[in-house]
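Welcome, and please load the model in your viewer with the sequence panel open. We will go from the whole chain to single residues, one selection at a time.

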Amino acid sequence: MESRPLLVVDGANVVGSRPDGWWRDRAGAAARLRDALAPLADQGVPPELPPPVQVVLVVEGAARHVAPTDGVDVVSAPGSGDDTVVELVAAAPERRRVVVTADRELRARVSALGAEVRGPRWLGR
């Protein structure tokens with residue numbers, strides 16, 4: 001059984017929370033987010049989420065072909081990214097699960113499954 005906490009990042013929502021021109025290159029923005037998340041696998045998000053952490057970035061749409069990297073698993077949603085996040089949370093009921101999103105409906109869905117929820121700014125602390 002996996003003992004590391006599971007950190008699931010709603011890629012489209014987190015990328016969309018920063019007005020940095022992401023809409024011109026959605027795949028590039030998702031790749032930049034993936035790279036920014038990589039250190040969290042070994043560092044966690046102190047003090048709330050100690051390492052080691054399994055980091056999963058859920059991508060969809062134009063970012064669907066972003067590849068994983070050391071420290072970050074990338075899951076390409078076949079349909080709705082929200083549904084994929086919920087599936088990942090539901091598949092790991094025995095683990096601590098933290099979902100990063102600002103999407104209210106998704107927050108409610110994963111909270112109902114026992115996951116903790118944080119907003120996109122939590123990652124930038």
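Helices and strands here are DSSP runs, with H or I over at least four residues for a helix and E over at least two for a strand, numbered from the N terminus. The model is a predicted one: local features need pLDDT of at least 70 and side-chain atom pairs count only at pLDDT 80 or more, while totals for chains, interfaces and linings use all residues. Residues are numbered from 1 along each chain as its sequence is written, and side-chain values use heavy atoms, with hydrogens and water left out.

**Stop 1: the whole chain**

Start with a cartoon view of everything. You should find 5 helices and 5 strands, and from the N terminus on they follow the order β-α-α-α-β-β-α-β-α-β. The C-alpha trace spans about 40 × 30 × 25 Å along its principal axes. A compact globule of 125 residues would have a radius of gyration near 14 Å, and the chain agrees with its 13 Å; the radius is taken over C-alpha atoms, and the globule rule is 2.2 Å times the number of residues to the power 0.38.

Now switch on the surface. About 6,500 Å² of the chain is accessible, and carbon and sulfur atoms hold 51% of that; the areas come from the Shrake-Rupley method with a 1.4 Å probe, and for residues only the protein chains shown count as cover. Of the 125 residues, 46% are buried. Buried means under 20% relative accessible area, exposed over 50%, and partly exposed in between, with a 1.4 Å probe and protein chains only.

Colour by charge next. There are 16 positive and 17 negative side chains, and the centres of the two sets lie 5 Å apart. Lys and Arg count as positive and Asp and Glu as negative, with His and the chain ends not counted; each charge is placed at NZ of Lys, CZ of Arg, CG of Asp or CD of Glu.

If you compute a contact map, take contact to mean heavy atoms within 4.5 Å. Among contacts with a separation of 6 or more, 56% are between residues 24 or more positions apart.

**Stop 2: helix α2**

Select residues 26–37. The 12 residues of α2, at 1.5 Å a residue, should span 16 Å, and the end C-alpha atoms are indeed 16 Å apart; the expected span is 1.5 Å times one less than the number of residues. Which residues of α2 are buried? They are Gly28, Ala29, Ala30, Ala31, Leu33, Arg34 and Leu37.

Zoom in on Ala30, in this helix. Ala30 is buried because its relative accessible area is 6%. Beyond residues up to four places away in sequence, Ala30 touches Val15, Leu57, Val59, Ala63 and Val66. For a distance check, draw a line from Ala30 to Val45: the two are 15 residues apart along the chain, and their C-alpha atoms are separated by 20 Å.

Move along α2 to Arg34. Is this arginine buried or exposed? Arg34 counts as buried, since its relative accessibility is 13%. Show what surrounds Arg34: leaving aside neighbours within four places in sequence, its contacts are Leu57, Val66, Ala67, Pro68, Thr69, Val72 and Val74.

**Stop 3: the loop between α3 and β2**

Follow the chain to the loop between α3 (40–43) and β2 (54–59), where Glu48 sits. Glu48 counts as partly exposed because its relative accessibility is 29%.

Two peptide bonds deserve a look here. Most peptide bonds are trans. The one from Pro46 to Pro47 is cis, with omega near -5 degrees, and Pro47 lies in this loop. The bond from Pro51 to Pro52 is also cis, with omega near -5 degrees, and Pro52 belongs to the loop between α3 and β2 as well.

**Stop 4: Pro5**

Select Pro5, in the segment before β1 (6–10). Pro5 is buried, as its relative accessible area is 12%. Its contacts, leaving aside neighbours within four places in sequence, are Leu49, Pro50, Pro52, Val53, Gln54, Arg95 and Arg96. Pro5 and Glu48 are 43 residues apart in sequence, and 11 Å apart from C-alpha to C-alpha.

**Stop 5: Gly114**

Finish at Gly114, in the loop between α5 (104–112) and β5 (116–118). Gly114 is partly exposed, with a relative accessible area of 48%. From C-alpha to C-alpha, Gly114 is 17 Å from Glu48, across 66 residues of sequence. The C-alpha atoms of Gly114 and Leu88 are separated by 12 Å, with their positions 26 residues apart along the chain.
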